[in-house]
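Subject: Structure handover

Hello,

Here is the structure I promised to pass on. Please load it first, then read my notes beneath it.

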Amino acid sequence: IGLAVVVVCNVCFALRGIVTKRIKRAYPVDEFNLFLQISAIGAAAYGLVLFSANIMCPTFAPHLVGLVDVSQLLHASRAGAVMLNGVTFYAYLQLSWVVLARIPAVTHSVCNSMRRPVMCVAGWAQFGNAISPLNWLGIATASLGTLLYSTVADTEAKRLKALAAKVSKDPKTFSNI
C-alpha cells in the first residue's frame with residue numbers, strides 16, 4: 001500500500017505542475033495569488049471531506065485527521081514548534097509554486113526529486129538516524145540522476161542558443177532546417 005500512496009502522491013505532484021502551467025496561460029494571475037486561491041480551495045475541500053466523513057462515518061472520521069491529540073500540540077512548550085512548522089511548510093509550498101511558474105515542469109520535478117535524499121542526509125546529520133547501504137545507494141542514484149539531467153539540460157540550452165545565434169546571423173543558410 002505504501003508504494004501505491006507514493007505513486008499517487010507523485011502523480012498528483014506532476015498534475016499540479018501541468019495544471020499550474022495551463023492556468024497561468026489561460027488567466028493573467030500572479031503566482032502568489034494563484035497559490036493563495038488554490039490553498040483556500042484545498043483547505044475548503046479538505047474541510048468538506050472531514051465534515052462529510054464525520055456525518056457519514058462518525059467512527060472512521062477521527063482516522064482521517066490522524067492519531068494526534070491536538071491538545072498536546074497546542075501545549076505552550078510545543079505551540080511555537082507547531083507554528084514554526086506550519087509557517088515553514090507554507091513557505092516551502094509558496095516558494096515551490098513560484099519556482100514552478102518560472103521554470104519548466106520537468107525541471108521543477110527533477111529538482112524536487114532531490115528533496116527526499118536531502119531530508120535523509122539532514123536527518124542523519126542532525127539526529128543520527130541510521131542510513132543503510134541501500135539508502136545510501138538511493139541517495140547517490142537520485143543525486144547523480146539530478147546532476148546528469150541538469151548537465152544535459154544545460155548543454156542542450158547552450159546548443160540551442162548557439163544555433164539561434166547562427167540562424168539570426170545568416171537565415172538563408174539555415175532555411176532548409
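Before anything else: this is a predicted model. My notes start with the whole chain, then go through helix packing, aromatic pairs and three single residues.

**Overall make-up**

The chain has 8 helices and 0 strands. Read from the N terminus, the order of elements is α-α-α-α-α-α-α-α. The chain holds 177 residues, and 12% of them are buried. I also looked at contacts between residues at least 6 apart in sequence. Of these, 56% join residues at least 24 apart.

**H1 against H6**

Two packed helices are described by the angle between their axes and the distance between the axes. Helix H1 covers residues 2-26 and helix H6 covers residues 105-112. Their axes lie 10 Å apart, at an angle of about 150°. The crossing of H1 and H6 is right-handed. On the H1 side, the contact is made by Phe13, Arg16 and Lys21. H6 contributes Ala105, His108, Ser109 and Asn112. Sorted by class, this H1–H6 contact has 2 nonpolar, 3 polar and 2 charged residues.

**H7 against H8**

The axes of H7 and H8 come within 9 Å. They cross at roughly 135°. How do H7 and H8 lie to each other? They are oblique. The reasoning is short: angles from 115 to 145 degrees fall in the oblique class, so a crossing at roughly 135° belongs there. H7 passes H8 in a left-handed crossing.

Which residues of H7 and H8 make the contact? From H7 they are Pro117, Cys120, Val121 and Trp124. From H8 they are Trp136, Ile139 and Ala142. By class, the H7–H8 contact has 7 nonpolar residues, no polar ones and no charged ones.

**Aromatic pairs**

A pair of aromatic rings is described by the distance of the centres and the angle of the planes. The count here comes to 2 aromatic pairs.

One is Phe89 with Tyr92. Their ring centres are 6.3 Å apart and their planes stand at 35°. Is this pair stacked, edge-to-face or tilted? Stacked needs planes under 30 degrees apart and edge-to-face needs over 60, so at 35° the pair is tilted. Both residues belong to helix H5, residues 76-102. They are 3 residues apart, so about one helical turn separates Phe89 from Tyr92. Phe89 is partly exposed, at 49% relative accessible area. The cut-off for exposed is over 50%, so Phe89 stays in the partly exposed class. Tyr92 is partly exposed as well, at 28%.

Trp124 and Trp136 also form a pair, and this one is edge-to-face. The centres are 5.5 Å apart, with 85° between the planes. Trp124 sits in helix H7, residues 115-127, and Trp136 sits in helix H8. The pair links distant parts of the chain, 12 residues apart. Trp124 is partly exposed at 43% relative accessibility. Trp136 is partly exposed at 36%. Both tryptophans also appear in the H7–H8 contact listed above.

**Three single residues**

*Ser96.* This residue is in helix H5. Is Ser96 buried or exposed? It counts as buried, at 8% relative accessibility. Leaving out residues up to four places away in sequence, Ser96 touches Arg16 and His108. Arg16 and His108 also take part in the H1–H6 contact.

*Thr146.* Helix H8, residues 133-169, holds this one. Thr146 has a relative accessible area of 15% and is buried. With residues up to four places away set aside, Thr146 touches Val110, Ser113 and Met114.

*Lys24.* This lysine lies in helix H1. Its relative accessible area is 24%, which makes Lys24 partly exposed. Buried means under 20%, so Lys24 falls outside that class. Not counting residues up to four places away, Lys24 touches Val29, Asp30, Glu31, Leu34 and Ala101. Lys24 and Leu34 are 10 residues apart along the chain. Their C-alpha atoms are separated by 8.6 Å.

That completes the handover.

Best wishes

Terms used
Residues numbered from 1 in each chain as written. Predicted model: local features only at pLDDT ≥ 70, side-chain atom pairs only at ≥ 80, totals over all residues. Heavy atoms only, no water. Helix = DSSP H or I, 4+ residues; strand = E, 2+ residues; numbered from the N terminus. Buried < 20%, exposed > 50% of the residue type's maximum accessible area, 1.4 Å probe, protein only. Contact = heavy atoms within 4.5 Å. Axes fitted to C-alpha atoms, helices over the stretch in contact; angles between N-to-C directions. Left-handed = near helix turned anticlockwise from the far one by under 90°. Nonpolar A, V, L, I, M, F, W, Y, C, P; charged D, E, K, R; others polar. Phe/Tyr/Trp six-rings, centres within 6.5 Å; stacked < 30°, edge-to-face > 60°. Parallel < 35°, antiparallel > 145°, perpendicular 65-115°, else oblique.
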